[in-house]
Amino acid sequence: MDGSRGWLGGVAAAIVVLNLLDAVFTLVYTRLGLAEEANPLLQHVLADSPLRFVVVKLGLVSMGVALLWRQRHRRTAAAGLLATGAM
């Protein structure tokens, strides 16, 4: 494994972990009435089922990261991972 693949893999892993943390904090803060889900699509899923919200949120982001990871040899995919990780 070359050095760039290692740090790019770290960025991809960080995106997934931070997404999980975001889902947990969203559940906690929305249940306490301190926040609302800003994404209108996920807002409806959250209102329906907190478990479904977590599964959908993690699934969508993980699929996006997996797609970019599979294409990491392309500069645009690597840039996409970096941009997502920087957000």
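**Core, helix H3 and charged contacts**

The largest nonpolar core comprises 7 residues, namely Ala23, Leu27, Leu42, Val45, Leu46, Phe53 and Val54. The elements that contribute two or more residues to this core are H1, helix H2 (40-48) and H3, and the largest share, 3 residues, is supplied by H2. The model analysed here is a predicted one, and the values reported below are to be read accordingly.

Helix H3, which spans residues 50-70, contains 21 residues and extends 30 Å from its first C-alpha to its last, close to the 30 Å expected at 1.5 Å a residue. Within H3, the residues Phe53, Val54, Lys57 and Val65 are buried; these residues cover an arc of only 95° around the axis, which puts them on the same side of H3. Two of the residues named for this buried side, Phe53 and Val54, are also listed as members of the largest nonpolar core. On the other side of H3, by contrast, Leu51, Val55, Leu60, Met63, Leu67 and Arg70 are exposed, a set in which Leu51, Leu60 and Leu67 appear alongside Arg70.

Side chains of opposite charge can pair when their charged atoms come close. In the present model, the count of salt bridges comes to 2. One of them joins the side chains of Lys57 and Asp22, with an N to O distance of 2.8 Å. Since Lys57 lies in helix H3 (residues 50-70) and Asp22 in helix H1 (residues 3-31), the pair ties together parts that are 35 residues apart in sequence. The two partners differ in their accessibility class, in that Lys57 is buried, with a relative accessible area of 10%, whereas Asp22, at 37% relative accessibility, counts as partly exposed. Lys57 thus takes part in this salt bridge while belonging to the buried side of H3 described above.

The other salt bridge is formed between the side chains of Arg52 and Asp48, for which the N to O distance is 2.2 Å. Here Arg52 is partly exposed, with a relative accessible area of 44%, and Asp48, at 52% relative accessibility, counts as exposed, the cut-off for that class being over 50%.

Contacts that involve aromatic rings were also examined. A search of the whole structure returns 1 aromatic pair. In addition, the charged end of Arg72 is placed over the ring of Trp69, at 4.0 Å from the centre of that ring.

Methods: Residues numbered from 1 in each chain as written. Predicted model: local features only at pLDDT ≥ 70, side-chain atom pairs only at ≥ 80, totals over all residues. Heavy atoms only, no water. Salt bridge = Lys/Arg side-chain N within 4 Å of Asp/Glu carboxyl O. Helix = DSSP H or I, 4+ residues; strand = E, 2+ residues; numbered from the N terminus. Buried < 20%, exposed > 50% of the residue type's maximum accessible area, 1.4 Å probe, protein only. Expected span 1.5 Å × (residues − 1). Arc of directions from axis to C-beta. Phe/Tyr/Trp six-rings, centres within 6.5 Å; stacked < 30°, edge-to-face > 60°. Lys NZ or Arg CZ within 6 Å of the ring centre and 35° of its normal. Core = buried A, V, L, I, M, F, W, Y, C linked by side-chain atoms within 4.5 Å.
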